[in-house]
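Here are my notes on this predicted model. They cover one cavity and one helix pair. Please read them with the structure open.

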Amino acid sequence: MTAVPDAPAARTRTAVVTGASSGIGAATARRLAAEGYRVVLAARRKDRVEALAAELPGSEAHQLDVTDRAAVDAFAAHLKDRHASVDVLVNNAGGALGADPVATGDPADWRTMYEVNVLGVLHVTQALLPALTASGDGTVVVVTSTAGHGTYEGGGGYVAAKHGAHVIAETLRLELCGEPVRVIEIAPGMVRTDEFATTRFRGDAAKAAKVYEGVAEPLTADDVADTIGWAVTRPAHVNVDLLVVRPRAQASNSKVHRTS
């Protein structure tokens, strides 16, 4: 009787998540690990990503500043040597600084936001795109914001940066049409995390709390990670171009139901 050869083992897919040290990035790493991905955690805070990697079997942590192109290229070269492919890239690193009007906004804050929210996405996407294409079924996720689709007073610098990230996703999708790579944009509205608003207001906890005051249930990092995980795990022929997710209490960037 002729022996039937064993079926080849399913390949473990690799997902890279930037800004993985906290908030949406950390929650997304946990969600993708639960979906069976080998998760590569990248963030500036080495201790935080290493602690998270210790929670997630098979994952690995890398200290990475996405605004440093040389560091990003070295990171991509390391992944090429270590892994057969990169299947998913979640461009999550970003953030806001200040809430000043355009008339008095600090150009240094605007530059910092542009570098991390726009150039950071560009650097990592360019560096990993060959590996994502070679996988035969790659996915690029760009985490933007509803600020990338509408304006609000005091948000000029952040709004401009997130509009830039939105345009990268939209343009890349056109340019990759016909290639085996999906481009997904996730645009969250009001998300309450431990750090976003506090960082924006330079550690002023009172100002940070004011953002969410009277809002019964802002989104959580897990809510956003859930949408990312859902979009990434759709069948390969299904591309979720843009998914906007807000709490029920938020109808737009400037219309929010507050109970007090």
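1. Start with the empty space. The largest cavity has a volume of about 80 Å³. Its lining is made up of 15 residues, and those closest to the cavity centre are Leu 97, Gly 98, Asp 100, Trp 110 and Gly 157. The count of cavities of 30 Å³ or more comes to one.

2. Next, the character of that lining. Six of the lining residues are polar, five are nonpolar and four are charged.

3. Which helices each supply at least two residues of the lining? They are H4 and H5. H4 covers residues 107-134, and H5 covers residues 156-175.

4. Now the geometry of this pair. The axes of H4 and H5 lie 7 Å apart, and the packing angle is about 20°. Angles under 35 degrees count as roughly parallel, so H4 is roughly parallel to H5. The crossing of H4 past H5 is right-handed.

5. The contact itself can be checked residue by residue. From H4, the participants are Trp 110, Met 113, Tyr 114, Asn 117, Val 118, Val 121, Leu 122, Thr 125 and Leu 129. From H5, they are Gly 156, Gly 157, Tyr 158, Ala 160, Ala 161, Lys 162, Gly 164, Ala 165, Ile 168 and Leu 172. By class, the contact holds 13 nonpolar residues, five polar and one charged.

6. Two residues link these points. Trp 110 takes part in the contact from H4, and Trp 110 is also among the residues closest to the centre of the largest cavity. Gly 157 takes part from H5 and is likewise among those closest to the cavity centre.

Definitions and conventions:
Residues numbered from 1 in each chain as written. Predicted model: local features only at pLDDT ≥ 70, side-chain atom pairs only at ≥ 80, totals over all residues. Heavy atoms only, no water. Axes fitted to C-alpha atoms, helices over the stretch in contact; angles between N-to-C directions. Helix = DSSP H or I, 4+ residues; strand = E, 2+ residues; numbered from the N terminus. Parallel < 35°, antiparallel > 145°, perpendicular 65-115°, else oblique. Left-handed = near helix turned anticlockwise from the far one by under 90°. Contact = heavy atoms within 4.5 Å. Nonpolar A, V, L, I, M, F, W, Y, C, P; charged D, E, K, R; others polar. 1 Å grid on protein atoms, 1.4 Å probe; cavity = no way out; pocket = protein on both sides within 12 Å on 5 of 7 lines; lining within 4 Å. Points joined across faces, edges and corners; volume = space filled by probe spheres on them.
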